[in-house]
Amino acid sequence: MRFWLLILAAVSTASFYTLRADADDEWHYYRSEHFQVYSMVESERAESILRDLEYYRYYMSVLTGTDGAGSPLPLTVYLIPKYDDYKELLGYRPSFAGAYWVTPRGAVTIAEVEDKKGIYKEDGRNTLFHEYAHHFLHEFGALNFPKWYQEGFAEYLSTFRINGTTAQIGNPPLQRFWWLRYQWMPSGLLFAANARFENTDRAGFHVGAFYAQAWLYTHKIRSTPTLMEVLDDYLIDINKGMEQKDAFLKHFGMTEEEFGREARDYWDDKKFPVLQLDFSNIDYVPTWEHHKLDDVEVEKMKMRLRMDYLRDWEADPWLKRFLKKKVKDPETAFVARLYQAKVAINEQDYDEAEAIIDQALAEVPDHRDALLLKSELLMSREGTRKWELVKAAQGGDNDENFDPDTVTYEPDMAAVQEAKKLAFQVARSDRLDSEAYLRFGIASLYEGANASESGIKALRSFIKLVPQNDQARFLYARALFLKGRYDEARPLLNNIANWSASERTAKRAEQMLGRIDRALKNASARDGVPSTE
């Protein structure tokens, strides 16, 4: 599909509301076709945002021809009235207005939606639309996008507005103008930024300057027909491995620095075209269900969100104190104990985790979270045992040259089979439970070359449900590697090594590519085929 189709539409209603929910600290739950929303925002405002999100997705799907092709899992959205409310939800105030991340159960986004006042006014839903643009590109994009275009395009989409049946695309995000006025990044630095902003951080540039300039560059390209004509070919070539600067010169007919000077002139002119799209012939009305969360549901929601968002639980002792407090409440004790088990698994306190999980299963034998935690526990314990063998063989715990093939390892097949059985039990009761497929696939990896095709299918099913998860894509590539399907594994690993936002996952992909090269070299030597190396 040609990427000119990504001239998208979104919906936003230019209205103003009291942001606080109908009563202080009230939470409401909304479930539409593609979103589940937990909201602390006043009901009328929350419903307006949800309506706009559904229209936003619908119009994008129509324009890109992707309707019905995405994951059936809803995007989970948390809405808070203003920045200070993060303390209520997360337990602390983060350094962002909104965020987007992926969990084993699907993608999650969180945003504060307060309208900003002052010189640089900002519609509160801009942040949410920015984050959803990332979700849409991850779910439907056939290509990987360089960091400058990912963020520039998300900013470009964040200010979509609709007035009646006409959508507007390309309204300037006024809050970015300060950076364009006072801090201008060298173009080469901006284009070379990777998914982790490593080079821009080292150069001393604020991430705000990156977002602002990325928006400007994207706006100029998408507002210039001759540049839009070659954008697809540029993206295709860099996905094939061509250096970005070479691809830019080849397709845009100028260097990145020359384009930067043109973009500076574009900024100085202050003339930013706004695309108008007519949707008068589209008949679509989103619907949803809604109810107010009771106190117990609110506390469970907070626990779920904090566990989903925090990656390094060991570094957050306050989370343990939070869970300890919830364990004392009979209404939340069961769920809180399971989260304590999750923390214990992460900290490799497997005996503690097992005692909690087994007690939970004794109380509720078919509890979904407990079954999957037990599966995770069994394989985490097995993974630690294998890692200890590797460390001993390699003389330390530095995983710079981690290679599990350096040890003779016999998995505990009883544990592997039990882990698969538990995950299968959950998947059988809910065919859309993505985490069940992930746990089944992970357990299958411990069977090595003897793994059945069902493990590979499970990981493939997970990726279809949660296509944004680089770790799962790596595990899928690893499963192919273990089965000797190197030609299928290599392009996936190259893609992850070059594009993953996770430094660790990218590094592991590079290591596995090295293992493939060694395996092919050894196979050539065994077969008497001269090596080209």
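**Entry 1: the sheet.** I began with the open sheet in this predicted model. I counted six strands, and their order reads 4-5-3-2-1-9, with mixed pairing. Which strands sit at the edges? I found strand 4 (98-103) and strand 9 (288-292) there, each of them pairing on one side only. I also looked up how neighbouring strands are turned against each other: by 15° on average, ignoring direction.

**Entry 2: strands 3 and 5.** Next I picked out one pair inside the sheet. Strand 3 (residues 75-80) and strand 5 (residues 106-112) run parallel, and five bridges join them. What is the bridge partner of Ile80 in strand 5? I noted Glu112.

**Entry 3: a helix across the sheet.** I then turned to helix 12, which covers residues 295-309. Helix 12 lies across strand 2 (35-39) as well as strands 3, 4, 5 and 9. Against strand 4, I wrote down an angle of about 80°.

**Entry 4: the nonpolar cores.** My last look was at the buried nonpolar residues. The largest nonpolar core has 75 residues, and those with the most contacts inside it include Leu53, Trp148, Leu216 and Phe259. Which helix gives the most to this core? My note says helix 8 (residues 207-222), with nine residues. Apart from this core lies another one of 58 residues, and I listed Ala344, Tyr476, Phe481 and Ala489 among them.

**Entry 5: around Leu216.** I went back to Leu216 for its neighbours. Leaving out residues up to four places away in sequence, Leu216 touches Leu180, Trp184, Ala263, Tyr266, Trp267 and Phe272. A friendly reminder to myself: in soluble globular proteins, nonpolar side chains tend to be buried together.

Methods:
Residues are numbered from 1 along each chain as its sequence is written. This is a predicted model: local features need pLDDT of at least 70, side-chain atom pairs count only at pLDDT 80 or more; totals for chains, interfaces and linings use all residues. Side-chain values use heavy atoms; hydrogens and water are left out. A nonpolar core is a set of buried Ala, Val, Leu, Ile, Met, Phe, Trp, Tyr and Cys residues joined through side-chain atoms within 4.5 Å. Buried means under 20% relative accessible area, exposed over 50%, partly exposed in between (1.4 Å probe, protein chains only). Helices (H or I, at least four residues) and strands (E, at least two) are DSSP runs, numbered from the N terminus. Contact means heavy atoms within 4.5 Å. Two strands pair if DSSP finds at least two bridges between them. Axes are lines fitted to C-alpha atoms, for helices over the stretch in contact, and angles run from 0 to 180 degrees between N-to-C directions.
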